[in-house]
Amino acid sequence: MTAEIIYGRELAEDIRERMTKEVADLKEMGVVPGLTVVIVGNDPASLSYVRGKDKASKKVGLESNLIELPEQVSQQELLDLVDRLNHDPKVHGVLVQLPLPDHINEDEIIEAISPSKDVDGFHPISIGRMMAGKETFLPCTPLGILTMFKEKEISLEGKHVVVLGRSRIVGKPIGQMLLNENATVTYCHSRTKNLKEFTQSADILIVAVGKPSFISGEDIKDGAVVIDVGVNRVEDGSLTGDVDFESALEKASYITPVPRGVGPMTITMLLQNTIKAAKQFNHIPQRSS
Ligand SMILES: Nc1nc(=O)c2c([nH]1)NC[C@@H]1CN(c3ccc(C(=O)N[C@@H](CCC(=O)O)C(=O)O)cc3)C=[N+]21
């Protein structure tokens, strides 16, 4: 079997086009959705992502602000900034780019963000609501993956989903969200024994481990759906996923590439969450889509 490649970037463009219209409608009502992204330090990869977010936000018509802080910023300065953004009525979404430097207590910063502006879906209140299957801000990468499944009409009910990786921002939440969609979910991680037995039994394999070529064709069941969440910057400066694309392509029914797969969907879901936050703030009903 040769897989159909799911180009997240193309899906993302379609969704952003719809969003641009929605933002224009909101502006007619006097509502300009606002997103503020905070980045600490000057890690080139992080800077490149946040600039991507900033550009995409502006393109759909959001009011986007990027706050760049020096590496040495103190915990208190960061908390004060988050507090100011929480109280700013023009700011509907707040994102603090992770990871933060070692001297910063990341959890305290995440918990300081108002849950009503938590467009990343990382606040414990958002996570708790997600676990309970309640309406909330869902984290952008998992939401982007779920949106890909919906757009491609890939059914989840009763499917065996194997999630490789258990990070707070990808692995754990995607498993919970797919459980909410009635999938049967197995989590695998660095201590899992006989990993191959799990990967080979997956109808849907989600790989989020951060290791180039961690998975290849022989690890995959014929006809499986393979979602590559890896963003690995390799020596020549190019971006590569966690899956050996060429060999996996021969086995899978669907596969996402890196770049142009999950990444652009992540950014698009951030914009979607920001629009949702702006509507909630202004008591405008959400569209059912
Ligand atoms: N608070 C927080 N929220 C995040 O959502 C968050 C974060 N911190 N820290 C870092 C990770 C990583 N991340 C990516 C987003 C888009 C692409 C993306 O669009 N990638 C493009 C390529 C971009 C390039 O070439 O550099 C693609 O895959 O086609 C990648 C990675 C969000 N993250």
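**Notebook: two domains and a ligand**

I began with the overall layout and found the C-alpha centres of domain 1 and domain 2 lying 28 Å apart. The domain assignment of the protein chain puts domain 1 at 28-114 and domain 2 at 140-263; such bounds come from an automatic or database domain assignment. A note to self on the source: this is a predicted model, where local features need pLDDT of at least 70, side-chain atom pairs count only at pLDDT 80 or more, and totals for chains, interfaces and linings use all residues. Residues are numbered from 1 along each chain as its sequence is written.

**Entry: the record**

I looked up UniProt next, keeping in mind that its positions are given in the numbering used here, that feature names are shortened, and that annotations may be inferred rather than shown by experiment. The unreviewed entry places "domain: Tetrahydrofolate dehydrogenase/cyclohydrolase catalytic" at residues 6-120. I see that this span is 50% helix and 16% strand, with its end C-alpha atoms 24 Å apart. For the other stretch, residues 139-280, the unreviewed UniProt entry gives "domain: Tetrahydrofolate dehydrogenase/cyclohydrolase NAD(P)-binding". Residues 139-280 are 36% helix and 17% strand, and the end C-alpha atoms lie 17 Å apart. Helices (H or I, at least four residues) and strands (E, at least two) are DSSP runs, numbered from the N terminus.

**Entry: the three-stranded sheet**

I traced an open sheet of three strands in the order β3-β2-β4, with parallel pairing; two strands pair if DSSP finds at least two bridges between them. Its edge strands are β3 (63-69) and β4 (93-96), each pairing on one side only. From one strand to the next, the twist averages 15°. Axes here are lines fitted to C-alpha atoms, for helices over the stretch in contact, and angles run from 0 to 180 degrees between N-to-C directions.

How many bridges join β2 to β3? I find seven, with β2 covering residues 34-40 and the two strands running parallel. One position to click on is V38, which stands opposite I67 in β3. Helix α2 (residues 44-59) packs on this sheet and touches β2 and β3, its direction making about 170° with that of β2. Contact means that the C-beta atoms of two residues, placed from the backbone, lie within 7 Å.

**Entry: the six-stranded sheet**

I then followed the other open sheet, whose six strands run in the order β1-β11-β8-β7-β5-β6 with parallel pairing. Its edges are β1 (4-5) and β6 (184-188), and each pairs on one side only. Four bridges join β7 (residues 204-207) to β8 (residues 225-228) in parallel. Here I204 has V225 in β8 as its bridge partner.

**Entry: the ligand shell**

Which residues come nearest to the ligand? Of the 18 around the ligand, I noted L98, P259, R260, G263 and T266 as nearest; a residue counts as near a molecule or strand if its C-beta atom, placed from the backbone, lies within 6 Å of it. The shell draws at least three residues from each of domain 1 and domain 2. I see α2, β4 and α10 (262-281) each supplying at least two residues, and α10 gives the largest share, four residues.

By class, I have eleven nonpolar, five polar and two charged residues in the shell. Ala, Val, Leu, Ile, Met, Phe, Trp, Tyr, Cys and Pro count as nonpolar, Asp, Glu, Lys and Arg as charged, and the others, Gly among them, as polar.

**Entry: backbone oddities**

Most residues other than glycine have a negative phi, and most peptide bonds are trans. I flagged the peptide bond from L98 to P99, which is cis with omega near 0°. P99 sits in the loop between β4 and α4 (106-112). Another cis peptide bond joins V258 and P259, with omega about -5°; P259 lies in the loop between β11 (254-255) and α10. I also marked N182, a residue other than glycine whose phi is positive, near 70°. N182 is in the loop between α7 (171-180) and β6.
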